[in-house]
Amino acid sequence: MTIAIKPIDPVGRAFFAGEVSGVDLTRPLSEAEVAAVHDGMDQFGVLVFHDQDIDDAQQLVFSRALGPLETATGDIAALHERRVSMDLNDISNLDRNNKVVARDDRRRLFGLGNQLWHSDSSFKDVPAKYSILSARTIPPTGGNTEFADMRAAYDALDEATKREVHDLVCSHSQIFSRGILGFTDFTDEERVKWAPVRQRLVRRHPRTGRLSLYLSSHAGAIEGWPVPEARAFLRDLNEHATQRQFVYTHVWRPHDLVMWDNRVTMHRARRYDHTEARDLRRTTLTNEVSSLEQAP
Ligand code: OGA
Ligand code: MN
């Protein structure tokens, strides 16, 4: 088998979202395959692998071949409630017994934050590089995931706005993003753990050299700006960056694996029937350094 990557939408978006074929993620990848995946990520920002019937252990082997992982310290579930190890983020609406959680379950309400456009772990000092999401069970309808290209969004800004955003630094916290949805039910310990962190608003990709807008629903302030003005501006930038021409919508099939580069994309979950099971598992590569070290 040889790995091949082609654009999912060659006419509309030839450089965003690629479909990978000729690779079996149940087996360890060769060095050449790992290099091809990194090259594909540099080019497309999002890669889709179909028909990858993998378990957690196989997902971890594949993920670690691409780089060091972060741990799931952004999850709200207590340790005794977790279904999966701390090396995976549980992107599901299930409890430890694989039962769909109640509509007003705290874990579900917190998880609804994924329906806001975001970049994973931008609320951590050292944020995420790639996210790798494996679909184990998907609901019969709804529950798509949308991805927006923050390189294209940056490139499409007018020159005055590019100058204005160039050196801005934002504060990111899960307290901000959940607050947008009216979720304020944080413990004192969580408030300390998720105190705001600093991230550049414009960052440079270390391999391609391309600039991107580093936006996320976790961003709730811009250093040196009054908060309402910062939030209004961030809203405008988000509106610009998530216009349809920058967005790929992934409609999940069972055993899909989708990988995205959080440095150059935002994503969001779409609604689905809360009584249906949805079980996805995410491994996450650490960026190893802060975005502050990836200045344009
Ligand atoms: C994630 C995420 C979106 C979805 O896994 O980080 O935001 O559709 N998922 O579940
Ligand atoms: Mn996410």
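Where is the place of Asp24? In this predicted model, select Asp24 and follow the chain to either side of it: the residue belongs to the loop between β2, which spans 13-21, and α1, which spans 31-44. Now show the surface while Asp24 stays selected, and you will be looking at a partly exposed residue, because its relative accessible area is 25%, which lies between the 20% under which a residue counts as buried and the 50% over which one counts as exposed. Add Asp51 to the selection, and although Asp24 and Asp51 are 27 residues apart along the chain, you will find their C-alpha atoms separated by 8.8 Å.

Next, select ligand 1, which sits in the largest pocket. Around ligand 1 you can display Ile91, Asn114, His118, Asp120, Leu133, Thr145, Trp260, His267, Ala269, Arg278 and Arg282, and if you colour this shell by class, it divides into four nonpolar, four polar and three charged residues.

Three side chains of this shell deserve a separate look. Begin with Thr145, where a side-chain N or O atom is 2.6 Å from an oxygen atom of ligand 1, and then move to Arg278, where an N or O atom of the side chain is 2.8 Å from a ligand 1 oxygen atom. Finish with His118, which places a polar side-chain atom 3.1 Å from an oxygen atom of ligand 1. With these contacts in view, turn on the surface of the protein once again: of the 290 Å² of accessible area that ligand 1 has on its own, the protein covers 100%.

Conventions: Residues are numbered from 1 along each chain as its sequence is written. Chains are lettered from A and ligands numbered from 1 in the order in which they are written. This is a predicted model: local features need pLDDT of at least 70, side-chain atom pairs count only at pLDDT 80 or more; totals for chains, interfaces and linings use all residues. Side-chain values use heavy atoms; hydrogens and water are left out. A residue is near a molecule or strand if one of its heavy atoms lies within 4 Å of it. A polar contact is a pair of N or O atoms within 3.5 Å; within protein, one must be able to donate a hydrogen and the other to accept it, and residues adjacent in sequence count only if both atoms are side-chain atoms. Accessible areas come from the Shrake-Rupley method with a 1.4 Å probe; for residues, only the protein chains shown count as cover. On a 1 Å grid over the protein atoms alone, a cavity is a set of points where a 1.4 Å probe fits but cannot get out, and a pocket is an open set with protein on both sides within 12 Å along at least five of seven lines; lining residues have an atom within 4 Å of a point. A molecule sits in a cavity or pocket if more than half of its atoms lie within 2 Å of its grid points. Ala, Val, Leu, Ile, Met, Phe, Trp, Tyr, Cys and Pro count as nonpolar, Asp, Glu, Lys and Arg as charged, and the others, Gly among them, as polar. Helices (H or I, at least four residues) and strands (E, at least two) are DSSP runs, numbered from the N terminus. Buried means under 20% relative accessible area, exposed over 50%, partly exposed in between (1.4 Å probe, protein chains only).
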